[in-house]
Amino acid sequence: MASNVTFIGAGNMAGAIMAGMVQSGYPAAAITATATRDTTLQPLRDQLGINTSTDNHAAIANADVVVLSVKPQGMRKVCESLRESIQGTRPLIISVAAGLSADTLEQWLGGDLAVIRCMPNTPSLVGAGASGLFANDNVSDAQRELATQLMESVGIAAWVEEEPLIDAVTAISGSAPAYFFLMFEAMEDAGVKLGLDADTARRLAMQTALGAATMAMRSDKSPAELKRNVMSPGGTTEKAVAHLEQAGLRNALDGAMQACAQRAREMSAELGKDD
Ligand SMILES: NC(=O)C1=CN([C@@H]2O[C@H](COP(=O)(O)OP(=O)(O)OC[C@H]3O[C@@H](n4cnc5c(N)ncnc54)[C@H](OP(=O)(O)O)[C@@H]3O)[C@@H](O)[C@H]2O)C=CC1
Ligand SMILES: O=C(O)[C@@H]1CCC=N1
C-alpha cells in the first residue's frame, strides 16, 4: 500500500511535486495538501483528486511522510505549531525549504526525528524534476528508499552525504530552471530583433533547449564534444560561441551559482539562529 504523504504548504513547489506524483500513478487518495486558503486547495482537489485541508494537525494525523513545503521564513512557526502532533506520530519529515538545516528543523519540531532535506525543482510538474537529497542520522534505509521513490516518481534524484552540498544542489538544479527561463526570454527577444515573430522565436528556442538536453543525456559524448560538432570551422556557430565566451557566459554562470549557494548559507544563519 502507498505511504500517506501530507504536504504542509501547497504552492508552486509542492503543487509541482504532487501533480508529478499523480501523473506518474501515485494514488491521489494517499496524498494530502494543506494551505492557509481554500482557494489554493480547490484546484488541487478538482484537478488532482487529492485530499486537502486548511487544518495542518488533522492533515498529518495519518501521515507516514510529512513534506514541509512552506516558505523558509514561515517554517519556524509552522514547525513549532506542529511539534506536539509530530512528536505523537513521528512520521518521516521531508523539507524542501532552501537554507534550513536538518538540525534546525528537527529542533523546531521537538527533536529526535528522521529528517530528510530535499532540494527539488519545479519541472517535477512534468516528470522532469531534478532533486538532491540529504538524510540525518535518524533516517532508516527504508525511509531513504521511500524518499528516493517519491522523488524519482517526478524526475531524477541524487543523494548527497554532506549537508552543505544541498546548497550546491540549490544552485545547480533547485533555482536553475529560472536561469533557462531567462535564456528563453533573451533568445526570444533576440530572435524578434532578427525578424522572427515572438511565438515562433519562443517555440524554436524552447525546442532547441529540449533537444540539446535530451541529446546530451543520451549521448556518450561530452558537452564540449557535442558543442564542437555543431561548430563548423569558419561557420556561424563558431562566431556565436566565441561571442558568448568573450561576453563572459561561464563567469556569469559561476557567479550566479556562487551567489545562490551563498544566499542559502545566509538564510540558514538568519533563520536558524536561536532567539
Ligand atoms: N519554487 C521553487 O522553484 C522551489 C521552492 N523550494 C522551496 O519550496 C518551499 C515553498 O516554495 P514555493 O512553493 O515557491 O512557495 P509558495 O509561496 O508558492 O507556496 C507556499 C505555500 O505555503 C502555504 N502556507 C503558508 N503558511 C502556511 C501554513 N501555516 N500552513 C499551511 N500552509 C501554509 C501557502 O498557502 P496559501 O496558498 O494559502 O497562501 C502556499 O500554498 C520554500 O521553502 C522553497 O525554499 C525548493 C525548490 C524549488
Ligand atoms: O528561490 C528560492 O529561494 C527557492 C529555492 C530554490 C528555488 N526557489
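The legends below describe close-up views of a predicted model.

**View 1. The two domains of the protein chain.** The domain assignment divides the protein chain into domain 1, residues 5–163, and domain 2, residues 177–262. Taken over C-alpha atoms, the centres of domain 1 and domain 2 are separated by 33 Å.

**View 2. The span annotated as a catalytic N-terminal domain.** An unreviewed UniProt entry places the annotation "domain: Pyrroline-5-carboxylate reductase catalytic N-terminal" on residues 5–99. Helix makes up 48% of this span and strand 20%. Between the end C-alpha atoms of residues 5–99 the distance is 23 Å.

**View 3. The surroundings of ligand 1.** The shell around ligand 1 holds 27 residues, and the closest are Gly9, Gly11, Ala35, Thr40 and Ala97. Helices α1 (12–23) and α4 (72–89) each contribute at least two residues to this shell. By character, the shell around ligand 1 consists of 13 nonpolar, 12 polar and 2 charged residues.

**View 4. The surroundings of ligand 2.** Ala98, Thr170, Gly174 and Ser175 are the residues around ligand 2. Of the residues in this shell, 1 is nonpolar and 3 are polar, with no charged residue.

**View 5. Isoleucine 8 and alanine 10 in an annotated binding site.** Under the label "binding site", the unreviewed UniProt entry lists Ile8, Gly9, Ala10, Gly11, Asn12 and Met13. Isoleucine 8 belongs to strand β1, which comprises residues 5–8, whereas alanine 10 is located in the loop between β1 and α1. Isoleucine 8 is classed as buried because 26 other C-beta atoms lie within 10 Å. Alanine 10 also counts as buried, since it has 23 C-beta neighbours inside 10 Å; the class requires 20 or more. When neighbours within four places in sequence are left aside, isoleucine 8 is in contact with Thr34, Asn56, Val66, Val67, Leu68, Ser69, Val70 and Val78. On the same basis, the contacts of alanine 10 are Gly15, Ala33, Thr34, Ala35, Thr40, Leu41 and Leu44. Thr34 thus appears in the contacts of both isoleucine 8 and alanine 10.

**View 6. Asparagine 56 in helix α3.** The "binding site" annotation of the unreviewed UniProt entry also covers Asn56. This asparagine is part of helix α3, residues 56–60. With 19 other C-beta atoms within 10 Å, asparagine 56 is partly exposed, because a buried residue would need 20 or more. Residues up to four places away in sequence not being counted, asparagine 56 touches Ile8, Thr34, Ser81 and Leu82. Ile8, shown in the preceding view, is therefore one of the contacts of asparagine 56.

**View 7. Two residues with positive phi.** Most residues other than glycine have a negative phi. Arginine 90 has a phi near 50°, a positive value in a residue that is not glycine. Its place is in the loop between α4 and β5 (92–95). Arginine 90 counts as partly exposed, because 13 C-beta neighbours are found inside 10 Å. Aspartate 112, likewise not a glycine, has a positive phi of about 55°. This aspartate is situated in the loop between α5 (102–108) and β6 (115–119). Aspartate 112 counts as exposed, because 9 C-beta neighbours lie inside 10 Å and the limit for that class is 12 or fewer.

Conventions. Residues numbered from 1 in each chain as written. Chains lettered and ligands numbered in written order. Predicted model: local features only at pLDDT ≥ 70, side-chain atom pairs only at ≥ 80, totals over all residues. UniProt positions renumbered as here; feature names shortened; annotations may be inferred. Helix = DSSP H or I, 4+ residues; strand = E, 2+ residues; numbered from the N terminus. Contact = placed C-beta atoms within 7 Å. Near = placed C-beta within 6 Å. Nonpolar A, V, L, I, M, F, W, Y, C, P; charged D, E, K, R; others polar. Domains from an automatic or database assignment.
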